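The exercises below ask you to read charge, burial and secondary structure from a set of coordinates. Work each task with the structure open, and then compare your reasoning with the solution that follows.

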Number of protein chains: 2
Amino acid sequence: MYRIEFNDFFTSAFSVDCIIFGYSHGEIKALLIKRAMEPFENLWAIPGDLIYPDEDLEEAAERVLFELTGLKQIAMHQSQTFGKPNRHPQGRVITVSYFALIRIDDFEVKASSWAGDVQWVSLENMPALAFDHNHILSSTYEILKLKLQNEPVCFDLLPERFTLNEFQQLYEFAFDQAFDKANFRKKIKYIPLIAHDEKQQNVKHRPAKLFSFDKKTFEEATVNNSYTFKM
Amino acid sequence: MYRIEFNDFFTSAFSVDCIIFGYSHGEIKALLIKRAMEPFENLWAIPGDLIYPDEDLEEAAERVLFELTGLKQIAMHQSQTFGKPNRHPQGRVITVSYFALIRIDDFEVKASSWAGDVQWVSLENMPALAFDHNHILSSTYEILKLKLQNEPVCFDLLPERFTLNEFQQLYEFAFDQAFDKANFRKKIKYIPLIAHDEKQQNVKHRPAKLFSFDKKTFEEATVNNSYTFKM
DNA sequence: TTAAATTATTGTCCAAATTACAATAATTAG
DNA sequence: CTAATTATTGTAATTTGGACAATAATTTAA
């Protein structure tokens with residue numbers, strides 16, 4: 001009987017894929033690159049690449065994201081690992097996906113390395129992507145929705161100063177349902193927000209007050225176990 | 001400048017690690033094996049091994065678990081991927097962890113292949129494990145606790161027929177706090193349980209009624225969106 | 001300057017859930 | 001038959017949640 005030797009296993013590669021979500025004009029979007037190399041040349045894809053043999057996973061995710069899109073200093077979190085034997089046409093490649101939420105307007109993106117283009121694409125209008133990336137993306141979006149319900153990640157997507165309506169609309173988009181304004185405000189009663197004197201600009205009606213998330217107070221409350229985020 | 005070629009990357013291996021949780025005598029336990037080979041010979045470890053080059057991840061998890069412990073037909077779910085460059089002393093090995101919850105008494109375990117022994121070990125009494133397995137285990141336990149709050153996985157751990165107190169005690173153990181009996185029963189009011197005529201045996205006091213989880217009704221209610229599990 | 005239009009913000013009422021605690025019921029052990 | 005023990009159910013006060021209404025602040029157009 002053929003006995004597989006230890007080194008026969010060392011014939012695979014790992015990649016990372018970085019799913020970056022943003023929010024603008026009332027829509028959640030993902031940052032995609034246009035592949036300027038084979039395989040899947042000219043198709044849109046989640047930014048990702050192979051991991052160096054001596055590189056840590058998270059470090060690789062940061063490097064790859066920077067090389068392809070110019071984004072740096074983004075806190076990324078591991079989500080899932082995809083490893084169907086034939087998901088990569090050139091060999092066995094298992095990919096570990098990382099994801100992050102950012103404020104689109106706070107960062108500038110620029111395609112480089114083998115990325116021919118980079119764009120924010122609305123989740124509602126997603127083209128066919130390279131590899132199994134449509135699957136990875138939708139599966140990661142489900143994780144995002146879970147986090148929106150249980151962690152204050154909404155403030156990573158919203159602008160630093162936001163109106164309570166913008167806050168509400170983000171949840172209405174993600175969960176595809178309308179909420180009552182008065183009740184939404186009651187629900188967020190315990191989330192520490194800083195009310196600013198500043199108001200919304202350039203609107204054709206009574207401008208709303210701007211708020212920002214009081215992260216420090218929130219974190220004090222959670223280490224105390226005196227509060228848990230629930231939406 | 002040295003240019004890394006595509007094939008330079010194909011020098012790594014993947015493994016799967018299977019974290020199997022069980023519950024008995026009021027404690028949550030994990031199934032461990034004693035390594036009968038280098039590295040870390042004679043240390044306890046999470047059952048796991050390298051993935052074949054053409055094998056799907058989940059398939060590998062099932063095979064490895066069976067080979068080492070004799071367990072089969074266990075529904076396993078992916079949790080996290082660990083890939084620090086030096087986590088394996090013999091080369092770059094990234095490991096994908098899977099986990100499952102089972103009823104200890106419903107299965108027989110038996111060490112085989114290179115597992116010298118197999119044992120259920122209480123989480124409260126965990127020795128130093130091989131590789132980064134203590135880290136993997138505690139990180140997976142956090143995921144289990146999250147699931148206990150949001151999915152009816154408690155019934156995978158409890159015996160098929162259980163008393164309401166046993167049900168409550170599982171949560172009291174996992175979250176290390178006591179709950180009021182009457183209020184616990186109100187909280188679980190919407191979880192479909194089947195009440196049996198049968199009662200607890202061999203106790204020195206009034207025996208409690210036995211219940212089992214009505215999975216079918218639960219699933220009908222969740223596809224309807226008429227109920228979501230929350231503890 | 002003013003009224004209409006529009007949206008922001010706050011309040012009220014009722015139903016439902018949560019909490020703390022008490023009362024009652026069913027067993028076993030002697 | 002009684003005490004001890006635990007199971008099970010009930011109550012009352014409080015808090016939360018949802019539907020809906022009222023009021024406030026601003027812009028626009030006459």
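**Exercise 1. Among contacts in chain A between residues at least 6 apart in sequence, what percentage join residues at least 24 apart?**

Solution. The model is predicted, and this should be kept in mind throughout. Among the contacts of chain A between residues at least 6 apart in sequence, 65% join residues at least 24 apart. The chain that makes these contacts has six helices and nine strands, and its C-alpha trace spans about 75 × 40 × 30 Å along the principal axes. Of its 231 residues, 48% count as buried, while the area exposed by the chain is about 12,300 Å², with carbon and sulfur atoms supplying 48% of that area.

**Exercise 2. Locate A:Asp132 and A:Arg87, and decide whether each is buried or exposed.**

Solution. Begin with the pairing itself: A:Asp132 and A:Arg87 form a salt bridge in which the closest N and O atoms are 2.8 Å apart. The pair links distant parts of the chain, since A:Asp132 lies in the loop between β7 (115–122) and α2 (133–150), whereas A:Arg87 lies in the loop between β5 (77–82) and β6 (93–101), 45 residues apart. Next, apply the cut-off for burial, which is under 20% relative accessible area. A:Asp132 has a relative accessibility of 18% and therefore counts as buried, and A:Arg87, at 10%, is therefore buried as well.

**Exercise 3. Examine two salt bridges within helices, A:Glu142 with A:Lys145 and B:Glu220 with B:Lys216, and state how the partners are spaced.**

Solution. In the first pair, the closest N and O atoms of A:Glu142 and A:Lys145 are 3.7 Å apart. These two residues are separated by about one helical turn, because they stand three residues apart in helix α2 of chain A. A:Glu142 is partly exposed at 45%, but A:Lys145 counts as buried at 18% relative accessibility. In the second pair, the closest N and O atoms of B:Glu220 and B:Lys216 are 3.9 Å apart, and both residues lie in helix α6 (residues 215–223) of chain B, four residues apart, or about one turn of the helix. B:Glu220 is partly exposed at 42%, and B:Lys216 is exposed, with a relative accessible area of 62%. Across all chains, the structure holds 20 salt bridges.

**Exercise 4. Describe the surroundings of A:Arg63, and name the residues linked with A:Arg63 in a network of salt bridges.**

Solution. First place the residue: A:Arg63 is found in helix α1 of chain A, and its relative accessibility of 16% means that it counts as buried. Then list its contacts, leaving aside neighbours within four places in sequence, which gives A:Leu50, A:Ile51, A:Tyr52 and A:Glu55. Finally, the network of salt bridges links A:Arg63 with A:Glu55 and A:Glu67.

**Exercise 5. Find which residues gather in a surface patch of positive charge and which gather in a surface patch of negative charge.**

Solution. The positive patch is made up of A:Lys181, A:Arg185, A:Lys199, A:Arg206 and A:Lys209. One of these residues, A:Arg206, sits in the loop between β8 (193–199) and β9 (209–213) and is exposed, with a relative accessible area of 75%. The negative patch comprises A:Asp54, A:Glu58, A:Glu59 and A:Glu62; of these, A:Glu58 belongs to helix α1 (residues 57–69) and is partly exposed at 40% relative accessibility. For chain A as a whole, the mean positions of the 26 positive and 33 negative charges are 8 Å apart.

Definitions and conventions. Residues numbered from 1 in each chain as written. Chains lettered and ligands numbered in written order. Predicted model: local features only at pLDDT ≥ 70, side-chain atom pairs only at ≥ 80, totals over all residues. Heavy atoms only, no water. Patch = residues over 30% accessible without salt bridge, like charges linked within 9 Å, V, L, I, M, F, W, Y side chains within 5 Å. Areas by Shrake-Rupley, 256 points an atom, 1.4 Å probe, with all protein chains shown as cover. Salt bridge = Lys/Arg side-chain N within 4 Å of Asp/Glu carboxyl O. Lys, Arg positive; Asp, Glu negative; His and termini not counted. Charge placed at Lys NZ, Arg CZ, Asp CG, Glu CD. Buried < 20%, exposed > 50% of the residue type's maximum accessible area, 1.4 Å probe, protein only. Contact = heavy atoms within 4.5 Å.
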